[in-house]
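User: I would like to go through a structure step by step. Please answer a few short questions on it.

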2 protein chains.
Amino acid sequence: MEYQLYYWPSIQGRGEFVRLALEDAGVPYVDVARGEGGMQKLLAALEDEVHPSFAPPFLKLGEMTIGQTANILLYLGSRHGLAPRREEGRLWAHQLQLTIADLVNEVHDTHHPVGVSLYYEDQRKEAKRRSTEFIANRLPKFFGYFERILAQPGRRGSFLLGARVSYVDLSMFQLIEGLRYAFPHAMARIEADYPALHKLHGRVAGRGNIERYLASPRRIPFNQEGIFRHYPELDEATP
Amino acid sequence: MEYQLYYWPSIQGRGEFVRLALEDAGVPYVDVARGEGGMQKLLAALEDEVHPSFAPPFLKLGEMTIGQTANILLYLGSRHGLAPRREEGRLWAHQLQLTIADLVNEVHDTHHPVGVSLYYEDQRKEAKRRSTEFIANRLPKFFGYFERILAQPGRRGSFLLGARVSYVDLSMFQLIEGLRYAFPHAMARIEADYPALHKLHGRVAGRGNIERYLASPRRIPFNQEGIFRHYPELDEATP
């Protein structure tokens with residue numbers, strides 16, 4: 001049986017964290033809304049399910065529907081070798097994923113601090129304040145946390161959970177990739193302070209299935225509609 | 001073995017969703033930071049763990065530490081009869097909990113739209129804009145979603161997952177309770193449109209262990225430091 005991923009067809013957005021897991025695992029899936037009549041199918045499914053989602057992404061497998069990005073990854077991780085088998089490890093992976101999700105929310109709010117229903121243009125001033133605060137305080141706090149985990153004394157392996165890759169590493173790759181797109185100047189300065197995270201990003205980018213995916217038309221380019229948007233005025237002025 | 005809950009001692013905050021699950025299940029636990037030397041223990045544990053948390057709450061049981069509110073509830077739910085046994089039901093409960101967490105984040109941002117490191121007083125104007133948008137658009141969208149689930153045709157029972165209470169219902173109770181505190185006028189108007197949610201709140205409030213907990217000194221009163229804060233200027237003017 002094939003997975004059906006339901007997500008907005010024109011952005012990476014939160015769906016991309018799911019796509020990366022499916023691609024790395026080499027699991028066949030259909031990106032429903034990118035096919036013919038896809039948007040109608042997506043909108044109909046939002047209304048129709050027994051277990052409806054508040055918002056995409058959601059994943060269908062036969063009669064089962066799972067929504068919420070981190071929840072989908074919790075499921076996929078245990079099915080496709082992208083998470084530890086034992087409960088304690090699985091919960092630890094999920095904890096890290098939820099912390100990544102918190103950071104993703106904060107990135108989104110840099111360009112939409114007043115509200116998602118309003119245009120960026122109607123909250124530019126607030127967005128500048130929030131971005132400055134994000135770059136100065138929040139981003140270093142989150143990066144420091146993940147770097148600390150990667151650099152724990154006595155740990156083996158260079159992935160977030162240790163020696164084996166997990167969906168958390170794939171999401172961390174995407175987060176760094178997105179932040180580089182959104183805040184190139186700030187990231188050029190900040191990333192040097194987090195060498196283990198920087199290395200993790202490169203290691204994920206070099207995985208065969210990920211490399212092939214990123215070079216394929218299945219990877220939607222970053223743009224100004226997703227979570228990670230590049231508004232030069234929100235970035236630092238100089239690298 | 002007894003659970004040790006680590007959370008800020010003076011607010012309900014995100015820790016309250018965990019407290020309600022522990023209380024309803026009648027499970028013995030220590031609210032570590034509220035005991036003697038508690039704050040030091042909390043701060044030390046944030047630094048020391050093998051599986052450190054980015055922020056409280058986190059829960060310890062023997063050598064195991066679990067962080068992130070929804071992740072803690074995922075664990076407690078399956079241990080103490082507050083979630084379905086089968087995987088599909090467990091994932092559905094978790095999906096709803098993560099959607100509640102999204103709404104909780106948006107409530108927090110009504111008074112801190114620019115940044116958590118800044119005082120409310122330094123973002124009052126932005127907070128007013130965000131609250132207006134939240135009350136007009138976001139809250140009805142979320143409530144409409146949950147009401148729709150409670151009112152699905154052919155479903156049995158009046159809890160979010162059906163006939164049996166789950167940690168999701170306890171969290172929904174807390175969310176409504178907090179919103180009533182934060183936006184009493186807006187809620188007095190809005191709640192009437194969501195009769196099934198309103199009823200769910202009352203049903204949880206009437207559960208023996210919850211009733212006893214709410215009347216006990218273990219329940220910290222709402223205040224101006226938590227997620228749910230009452231700034232009259234952010235509420236609607238008239239009920």
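The questions below concern a predicted model.

User: By what turn can chain A be laid on chain B?
Analyst: The model is predicted. Chain A can be laid on chain B with an RMSD of 0.0 Å and a shift of 0.0 Å along the axis. This is how a two-fold axis relates copies. The turn is 180 degrees.

User: In chain A, which residue has the C-alpha nearest the axis?
Analyst: The axis in question is the two-fold axis. The nearest C-alpha of chain A lies 2.7 Å from the axis, and it is that of A:Pro113.

User: Why can it be said that the copies meet through the same surface?
Analyst: The interface residues of chain A can be compared with those of chain B. Those of chain A are also interface residues in chain B, so the copies meet through the same surface; the share is 100%.

User: How many salt bridges are there between domain 1 of chain A and domain 2 of chain A?
Analyst: Domain 1 covers 3-79 and domain 2 covers 87-234. A salt bridge joins the side chains of A:Arg207 and A:Asp24, at 2.7 Å from N to O. Between the two domains of chain A, the count is three.

User: How much area do domain 1 of chain A and domain 2 of chain A bury between them?
Analyst: In domain 1 of chain A, 23 residues are in contact with 26 residues of domain 2 of chain A. Of the area buried between these domains, 61% is on carbon and sulfur atoms. The area is about 2200 Å².

Conventions: Residues are numbered from 1 along each chain as its sequence is written. Chains are lettered from A and ligands numbered from 1 in the order in which they are written. This is a predicted model: local features need pLDDT of at least 70, side-chain atom pairs count only at pLDDT 80 or more; totals for chains, interfaces and linings use all residues. Side-chain values use heavy atoms; hydrogens and water are left out. Copies are superposed by least squares on the C-alpha atoms of residues with pLDDT of at least 70 in both. Contact means heavy atoms within 4.5 Å. Domain bounds come from an automatic or database domain assignment. Buried area is the accessible area (1.4 Å probe) that two parts lose on being put together, summed over both. A salt bridge is a side-chain nitrogen of Lys or Arg within 4 Å of a carboxyl oxygen of Asp or Glu.
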